[in-house]
Amino acid sequence: MLLVTIEGIDGSGKTTLHKALGPCLSDLDPVITCEPGSTWIGEAVRRAIREQSDPIAEALLFVADHAAHLREVVKPALAEGRLVISDRYIDSRLVYQQVTLDGIILDPLSWLRSVHNGWTIMPDLTILLAVPVSVALERTGRRESGEHFEQEPVLTRVYEYYMQLVEEDKARFLILDGTLPPEHILKVAAGAIRYRHSELKKGRSRKVSV
Ligand code: TMP
């Protein structure tokens with residue numbers, strides 16, 4: 001019924017928010033899910049990230065993971081009238097793979113959009129956690145994974161591309177300052193989701209753009 005996605009650069013605090021939203025909104029019985037990794041294809045994606053495989057192969061694995069995620073988790077849950085909250089979703093591809101495919105594919109954004117065209121479901125609400133790249137790097141510096149996306153030039157461009165997506169679709173995005181205390185971010189994010197959920201319950205039809 002309602003599809004909410006959480007987006008942001010690595011180290012933006014989105015996973016912390018995502019984890020906290022489940023218990024906070026438990027009365028709405030949300031389906032808490034994520035990309036990559038909700039299906040077996042997620043394992044292949046993780047491997048592609050670790051091994052820094054070919055950027056096109058990596059992009060298509062992310063897309064394959066999305067297709068399986070939609071089919072196995074998102075669509076059935078929405079069909080049951082559930083609230084779905086996904087940690088990363090289509091926008092992650094539109095921004096990260098725009099960077100990794102630069103110089104490899106002509107106009108990566110158009111290519112990425114066309115790959116999704118006709119079968120994906122766009123989110124009703126996307127909460128974007130915005131943090132300066134320096135803060136994000138400070139946070140991810142403490143992680144052991146050191147994925148190839150977690151580099152300053154990559155994250156700087158990813159951040160810019162997120163902001164371009166916001167410009168194109170302001171009604172869908174809620175931008176929150178990811179440097180604020182987590183409990184404050186949680187309160188605002190949960191409030192926004194509750195509001196959208198109650199609006200739908202009042203009988204307003206769900207906007208699904210494909
Ligand atoms: P995660 O840290 O949120 O689990 O995501 C793993 C990495 O994968 C992160 O650096 C962002 C990247 N990513 C993409 O490049 N494209 C995508 O479509 C998704 C979902 C994630």
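Student: How many Å separate a polar side-chain atom of R88 from an oxygen atom of the ligand?

Tutor: Good place to start, and keep in mind that this is a predicted model. R88 is listed among the closest residues to the ligand, together with D10, R93, Y96 and Q97. A pair of N or O atoms counts as a polar contact within 3.5 Å. The polar side-chain atom of R88 meets that limit, since its distance from a ligand oxygen atom is 2.7 Å.

Student: Which side chain has an N or O atom 3.1 Å from an oxygen atom of the ligand?

Tutor: Two side chains can be looked at here. R93 has an N or O side-chain atom 2.8 Å from a ligand oxygen atom, which leaves another residue to consider. The side chain with the 3.1 Å distance to a ligand oxygen atom belongs to K14.

Student: What share of the ligand's exposed area does the protein bury?

Tutor: Let's begin again from a contact: an N or O atom in the R93 side chain is 2.8 Å from a ligand oxygen atom. On its own, the ligand would expose 480 Å². Of that area, the protein buries 93%.

Student: Which element gives the most residues to the shell around the ligand?

Tutor: The ligand takes up the space of the largest pocket. Two elements give two or more residues to the shell around it: α2 (41–51) and α4 (90–100). The top contributor gives four residues, and that element is α4.

Student: How many residues of the shell around the ligand are charged?

Tutor: Altogether, 14 residues surround the ligand. Five of the shell residues are nonpolar and two are polar. The charged ones number seven.

Student: What is the radius of gyration of the protein, and why does it agree with a compact globule?

Tutor: The protein has eight helices and five strands, and its C-alpha trace spans about 50 × 40 × 30 Å along the principal axes. A compact globule of 210 residues would have a radius of gyration near 17 Å, so the protein agrees with its value of 16 Å.

Student: Which two residues does a cis peptide bond join?

Tutor: Most peptide bonds are trans, so a cis one is worth a look. Here omega is about -10°. One partner, P36, lies in the loop between β2 (31–34) and α2. The joined residues are E35 and P36.

Student: Where is D29, the residue with a positive phi although it is not a glycine?

Tutor: Most residues other than glycine have a negative phi. D29, however, has a phi of about 50°. Its place is in the loop between α1 (14–24) and β2.

Conventions: Residues numbered from 1 in each chain as written. Predicted model: local features only at pLDDT ≥ 70, side-chain atom pairs only at ≥ 80, totals over all residues. Heavy atoms only, no water. Near = heavy atom within 4 Å. Polar contact = N/O pair within 3.5 Å; in protein donor to acceptor, adjacent residues only side chain to side chain. Areas by Shrake-Rupley, 256 points an atom, 1.4 Å probe, with all protein chains shown as cover. 1 Å grid on protein atoms, 1.4 Å probe; cavity = no way out; pocket = protein on both sides within 12 Å on 5 of 7 lines; lining within 4 Å. Sits in = over half its atoms within 2 Å of the grid points. Nonpolar A, V, L, I, M, F, W, Y, C, P; charged D, E, K, R; others polar. Rg over C-alpha atoms; globule rule 2.2 N^0.38 Å.
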